[in-house]
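User: Please take a close look at a single glycine and the strand that holds it, and then set that part in the context of the rest of the model.

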Amino acid sequence: MTKMLGAGEPPTVLHLTEAEVLCEPEVRPQEAVDLDRPLRGCFVTGTDTEVGKTVITAGLLHALAQQGLRVAGYKPVAAGAVWQAAASGPGGHWLNDDVETLHAASNIALTRAEVCPCLLEEACAPHLAARLEGGRIEPALLIAGAHRLMPRCDALVVEGVGGFCVPLVEPEALADGGTALDAAAAGVGAITGAAHPAIDSGWGADDLAMALDLPVILVVGLRLGCINHALLTAEAVAARGLRLAGWVANRIEPTMPHAQLNIDTLTRALQQRHDAPLLGVVSYHAPATAARVAGELDIDAVRDALGLY
Ligand SMILES: Nc1ncnc2c1ncn2[C@@H]1O[C@H](COP(=O)(O)OP(=O)(O)O)[C@@H](O)[C@H]1O
Ligand SMILES: [Mg+2]
């Protein structure tokens, strides 16, 4: 299921778990995880893919680090990686922009495999990338990865995958009974049909958010159509019993007409319907660095939203 790598040898089929670990010289032994201990931090979702989830996640990490908090970025699943050979000698590692950005914005020592336990080579929908690579995404691994980081930090900022309801595991993959091995490697029990009533319809980013049970922050990429996407996403979050803790307006288009009117409409609607405050309006930046984004977030509102007093 998971291809093991030889030292320094770029694989043709990418790892779902252990292979990345083999590329990480500084990897720590797998500790037992306490899945019952609540997580602190937030789950960052977006109105779509490419709306600025990574940029805002990095900005949140930077802003919280400036407050003296120990923070870790977590990207449970990333799709799209290229092999980066070591400058000298054998070895190297898989490179993914989101993982690199969250790794750099975290202020505790993390391996790339800790930031992202499931890195897929193909840059496409994650469940398809996994299928193309001959494996499947293991929910237990993604959940355990978050819990494993928590004891070492004050806040975990989790970047979701794609939009809020993107599928991660196809129903037939969950039903094939092959979860036990990877779940054991993750130090947790297998995800079973009994534990997950939605198993018949697969398992997605929304199920992951529910399993992590973190307050949700919605990144709205300001462009035509974003009002509808934002309201639909907010409804989906609420329908799953999660708290929409706030939202960030992100100016991904420098010349969007009537951007402020869009922001005003959403500010009213998300506050009235979901009690979700605006946490910041992030300008178009070239480049949109974590420090620049952090400077435009209302840190008091962010701390409030995350329950970090
Ligand atoms: N405020 C911004 N100003 C300029 N470019 C931005 C801004 N926010 C995001 N981008 C750019 O838009 C692209 C998508 O952002 P990213 O954070 O990767 O989105 P996502 O994580 O939702 O897929 C990236 O190239 C990023 O640099
Ligand atoms: Mg991203």
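Analyst: Gly280 is buried, with 24 other C-beta atoms within 10 Å; here a residue is buried if 20 or more other C-beta atoms lie within 10 Å of its own, exposed if 12 or fewer and partly exposed in between, with C-beta atoms placed from the backbone. Gly280 belongs to strand E12 (residues 278-282), where strands (E, at least two residues) and helices (H or I, at least four) are DSSP runs numbered from the N terminus. Leaving aside neighbours within four places in sequence, Gly280 is in contact with Val248, Glu296, Leu297 and Asp298, a contact being a pair of residues whose C-beta atoms, placed from the backbone, lie within 7 Å. The C-alpha atoms of Gly280 and Val293, 13 residues apart along the chain, are separated by 9.0 Å.

This is a predicted model, in which local features need pLDDT of at least 70 and side-chain atom pairs count only at pLDDT 80 or more, while totals for chains, interfaces and linings use all residues. Residues are numbered from 1 along each chain as its sequence is written, and chains are lettered from A and ligands numbered from 1 in the order in which they are written.

After E12, Pro287 is placed in the loop between E12 and helix H12 (290-295), and the peptide bond from Ala286 to Pro287 is cis, with omega near 0°. Most residues other than glycine have a negative phi, and most peptide bonds are trans. Glu50, although not a glycine, has a positive phi of about 65°; Glu50 is in the loop between strand E1 (41-46) and H2 and counts as exposed, with 10 C-beta neighbours inside 10 Å. Asp213, also not a glycine, has a positive phi of about 55°, lies in the loop between helix H9 (205-212) and strand E10 (216-221), and counts as exposed with 12 C-beta neighbours inside 10 Å.

A second glycine, Gly241, sits in the loop between helix H10 (226-239) and strand E11 (244-250). Gly241 is exposed, with 8 other C-beta atoms within 10 Å, and the C-alpha atoms of Gly241 and Met210, 31 residues apart along the chain, are separated by 7.9 Å.

Ligand 1 is surrounded by 16 residues, the closest being Gly52, Lys53, Thr54, Val55 and Ala288, where a residue is near a molecule if its C-beta atom, placed from the backbone, lies within 6 Å of it. The largest share of this shell, three residues, comes from H2. H2 (residues 53-66) also meets helix H3 (residues 97-105), their axes coming within 9 Å and crossing at roughly 10°; the two helices are therefore roughly parallel, a term for angles under 35 degrees, with axes fitted to C-alpha atoms over the stretch in contact and angles running from 0 to 180 degrees between N-to-C directions. The contact is made by Thr54, Thr57, Ala58, Leu61 and His62 of H2 and Asp98, Thr101, Leu102 and Ala105 of H3.

In the wider protein there are 13 helices and twelve strands, and 48% of the 309 residues count as buried. The largest nonpolar core has 84 residues, and those with the most contacts inside it are Leu156, Leu212, Val216, Ile217 and Val220; such a core is a set of buried Ala, Val, Leu, Ile, Met, Phe, Trp, Tyr and Cys residues joined through C-beta atoms within 7 Å.

Definitions and conventions
Parallel < 35°, antiparallel > 145°, perpendicular 65-115°, else oblique. Contact = placed C-beta atoms within 7 Å.
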